[in-house]
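Colleague: Thanks for making time for this. Could we walk through the model together, one question at a time?

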Amino acid sequence: MSYRYEIRLSGSGGQGLILIGKILAEAAAIYDGLNATQSQSYGPEARGGASRSEVIISDEDINYPKAEDLDILLALTQEACDKYVKDLKPGGILLIDSQMVKKLPKENFKIISLPIIQYATERLGKFMVANIISLGIITTISNLVSGDAIKHAIKARVPKGTEGINIKAYHTGKEMAEKWLKEHPEN
Amino acid sequence: MDYLNYLRKDKMPHIWCDGCGHGIVLKSILRTVDKLGWDKNEIALISGIGCSSRTPGYVDFNTLHTTHGRALSFATGIKISKPKMHTIVVSGDGDATAIGGNHFIHAARRNMDINLIIFNNNIYGMTGGQCSPTTPTGKFASTSQFGNPDSPFDISRLAEAAGASFVARSTAYHFAKTDKYIEMAFRKKGFCVVEVLSPCPTAYGRRNKSTGKVGHEMLKDQKENSVPIERARKMKPEELKDKYITGVFIDRDVPDYFEHYNEVKKRAKLK
Amino acid sequence: MSQPNPKIKMMQGNVACAEGAIAAGCRFFAGYPITPSSEIAETMSLKLPALDGNFIQMEDEIGAMGAVIGSSLVGVKSLTATSGPGFSLKQENIGFAAIAEIPVVIINVQRGGPSTGLPTKPAQGDVMQSRWGTHGDHPAIVLCPSSVEECYFMTIRAFNLSEEYRTPVIVLSDEIIGHLTEKITIPHHSDIDIINRLKPQSDPENYLPYENTETYIPAMANFGEGYRYHVTGLVHDETGFPTNDSKKIEEQLTRLYNKIEKNHDKIIDVSEYFCDDMDTLIIAYGAVARSAKQSMLKARQEGHKVGLLKLNTIWPFPEKQIVKLCQNIKRIIVPEMNFGQLAHEIEWATRRAIPIIKYNKINGEPITPLDIYNILINRK
């Protein structure tokens, strides 16, 4: 049975959402032999402002390269959550930062609320790796790409010298997701 | 020397009017090419639009007659992709500093290795005598029938301020000086500008009798009212009113575009 | 995880245009920053210097167009890239390249217009501008990529066409394709066909740079090769010098027209999907062709007889290819991110014999498969 999996990564400019979109797409397409597209929409701001990056992963050709019916929405700001939650399909996954997104929508989907940014700053000492933590969570929950593929893709994309902390951030996200899955056995 | 070695004889007669200074400037260019012994196959002469810009049609080089004001951008592409080509642009005051003003200051800023000869006749001659960026304030043109309200550009000072490595001004009357400045420009790397004041009796002289009505009167005006830059530097602004400051404005040894870009290539190859 | 194939890359459409240009032999780029095309310039600035090529950021769009013409005239394949506002500015010198018959490639990554419009949003508003943007009757070849792979291969083809026909060629991309990252398999350079301009066989004394040959395409000498000829934007005769002789004017302008007109079959490129048994034909190009294909496949699964004609070249207009498909169909659907610029041509080509449903979106959002599907199944 063929599948098409749609992921939107949203928040504000400068959070590195386009980068993790590219990493996720490369993990799927280059290392796991699937098809993937990555696209983004953006405003005039280089920092701040709304930012979104989309990844489609499929085992077939991908025609329309934008998301229509989201399987996963990552929202790192309240604004992004409010704006994009309507595109999440019933039963889809809403992953939010527990500090940034307090007002939760009430619909038929799973909400995973985790202290992503807090862990980035407190446990890893680097606000900037919140994106890679998110990536660890998403790939663990969705099981879309292999762990090896995502680690290779991270190392190939992040700035030289930051591979260590980014792999650590990936593992942090993976552990957060595994803990969440254990606490929510129905998933 | 035989000018006919460099001219396309079958394209004569040229379109320039009796008394026009452009032919005098063209002969200075040809004398200099001959003196330097440049191979005609390795010379590109490029122009925009206007009376001066008809020059390429008359000379036996690789010749390119481009769009209005854009000659320097075409020349930039030629020079970058074939650096051994001697790249000469001829332009008028309107072509170089009105519609082509942006290309002019940026070619100077980059110090692109191009020789620009500006035939400045203070008017749009070909289109019937409209005022140009070098028409002095108060002078008459078909679009300034009550006197030009605008202030003129000083082309040479503009080129100097924008970064050209060599800038000089001469007049059609002072052809020997023109030869000298063009030779200095041709021998020098970087963006080199020679501005030559060229009388336009048809479109300018007839309307502005103070500089003479016909060609020889306008040449006489150039002779009598030119002030060498060394002397002009010691004169007061009011003494310089209606005078033509001539001479070498700047002659500096600074890296041209290619010196910088060759470094870029070296750094790129190390990566 | 599988072992990655080094030839397979995830690449952005704009980057693929730049890589395609380099593969085609382009060694000069002149441009001016403009969203959403800047990645093309950035990639060229990164790649060309190490290849002994040259990149220059010009002072404006007009200058960039002039510089690529100059560079091509000395024999170096040259590229510029822009978006709507810059494309408007380039028109003057695109006209020069057309009449002076200088091979150059211009990539226009379309964004919303008119004027400054929507810098970060997609549109297809420059369809007519890419045909008639510069003044006067002039030839036009316009290619429309709808994938990253097509960005790469169509840019190569654009260079080949420009060299073969001595004419400016436009790659009309859009913000969706330009900024889309997807898989591409990069071919070995020996697998890429490269066409170079025809060089003169005659000696310089007898060279006619604008000779009216049987193919309508005269041989081109590069500046510096000893031919010392004249190039002008004025209408000229076969020698290259300006003429006011009405017979010669007609001869040259007709040749300019014919060199494209008589070669339609070689230039035009379309892709047909499920066109054998259809009653509904979708005609689409660029990013919209992908949405059209997805909606067609869904409708097909549900038993609707839908076909798709994807236009890989939009100019010259594929009139013959469209008319051929119109024998047994009930309707044509033309989705476009403009108010129906190409639909108008299709109406003309089909003489309005078949109902044409236009679907037009001009709000900066892409046309989705659902948008087209709703029309296919007659749902409002």
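Modeller: Happy to! One definition before we start: two strands pair if DSSP finds at least two bridges between them. Keep in mind, too, that this is a predicted model.

Colleague: Good. Which residue does Leu64(B) stand opposite in strand 9 of chain C?

Modeller: Strand 2 of chain B, residues 62-65, pairs with strand 9 of chain C in the parallel sense. Three bridges join these two strands, which satisfies the minimum of two bridges for a pair. In strand 9 of chain C, the residue opposite Leu64(B) is Val231(C).

Colleague: What is the bridge partner of Ile46(B) in strand 2 of chain B?

Modeller: Strand 1 and strand 2 of chain B run parallel and are joined by four bridges. One of the residues on strand 1 with a partner there is Ala44(B), whose partner in strand 2 is Asn62(B). For Ile46(B), the partner in strand 2 of chain B is Leu64(B).

Colleague: And on strand 3 of chain B, which residue is the bridge partner of Ile43(B)?

Modeller: Strand 3 of chain B covers residues 86-92 and runs parallel to strand 1 of chain B, with five bridges between them. The partner of Ile43(B) in that strand is His86(B).

Colleague: Are the residues of strand 1 of chain B buried or exposed?

Modeller: In general, side chains of a regular strand alternate between the two faces of the sheet. Here Ile43(B), Leu45(B) and Ser47(B) point one way, while Ala44(B) and Ile46(B) point the other way. Strand 1 of chain B, residues 43-47, is mostly covered, with five of its five residues buried. For both groups, then, the word is buried.

Colleague: Which are the edge strands of the sheet?

Modeller: The sheet is open, has nine strands with mixed pairing, and follows the order 9(B)-10(B)-7(B)-8(B)-4(B)-3(B)-1(B)-2(B)-9(C). An edge strand here pairs on one side only. That gives strand 9 (226-228) of chain B and strand 9 of chain C.

Colleague: How much is the twist from one strand to the next, on average?

Modeller: The order of this mixed sheet runs from 9(B) to 9(C). From one strand to the next, the twist averages 20°.

Colleague: Helix 7 of chain B packs on the sheet; what angle does its direction make with that of strand 7 of chain B?

Modeller: Helix 7 of chain B, residues 175-187, touches strand 4 (115-120), strand 7 (166-171), strand 8 (192-197) and strand 10 (244-251) of chain B. Angles run from 0 to 180 degrees between N-to-C directions. Relative to strand 7 of chain B, the direction of the helix makes about 165°.

Colleague: Which element of chain C gives the most to the side that touches chain B?

Modeller: The contact takes 35 residues from chain C and 34 residues from chain B. Strand 2 (28-31), strand 3 (54-57), helix 3 (61-73), helix 4 (84-100) and strand 9 (230-232) of chain C each supply at least two residues of the chain C side. By class, that side has 18 nonpolar, 12 polar and five charged residues. The element that gives the most, with nine residues, is helix 3 of chain C.

Colleague: Within chain C, which element gives the most to the side of domain 1 that touches domain 2?

Modeller: The domain assignment gives domain 1 as 8-191 and domain 2 as 273-376, with 26 Å between their centres. In the contact, 21 residues of domain 1 meet 19 residues of domain 2. Helix 5 (127-132), strand 6 (141-143), strand 7 (168-174) and helix 7 (175-178) of chain C each give two or more residues to the domain 1 side. With four residues, the one that gives the most is helix 5 of chain C.

Colleague: What is the radius of gyration of chain B?

Modeller: Chain B has 11 helices and 10 strands, and its C-alpha trace spans about 65 × 45 × 30 Å along the principal axes. A compact globule of 271 residues would have a radius of gyration near 18 Å, and chain B agrees with its 18 Å.

Colleague: Last one: what is the radius of gyration of chain A?

Modeller: Chain A has six helices and six strands, in the pattern β-α-β-β-β-α-β-β-α-α-α-α. For 187 residues the globule rule gives 16 Å, and the chain A value is close to that, so chain A is as compact as a globular protein of that length. Its radius of gyration is 15 Å.

Key: Residues are numbered from 1 along each chain as its sequence is written. Chains are lettered from A and ligands numbered from 1 in the order in which they are written. This is a predicted model: local features need pLDDT of at least 70, side-chain atom pairs count only at pLDDT 80 or more; totals for chains, interfaces and linings use all residues. Domain bounds come from an automatic or database domain assignment. Two residues are in contact if their C-beta atoms, placed from the backbone, lie within 7 Å. The radius of gyration is taken over C-alpha atoms; the globule rule is 2.2 Å times the number of residues to the power 0.38. Ala, Val, Leu, Ile, Met, Phe, Trp, Tyr, Cys and Pro count as nonpolar, Asp, Glu, Lys and Arg as charged, and the others, Gly among them, as polar. A residue is buried if 20 or more other C-beta atoms lie within 10 Å of its own, exposed if 12 or fewer, and partly exposed in between; C-beta atoms are placed from the backbone.
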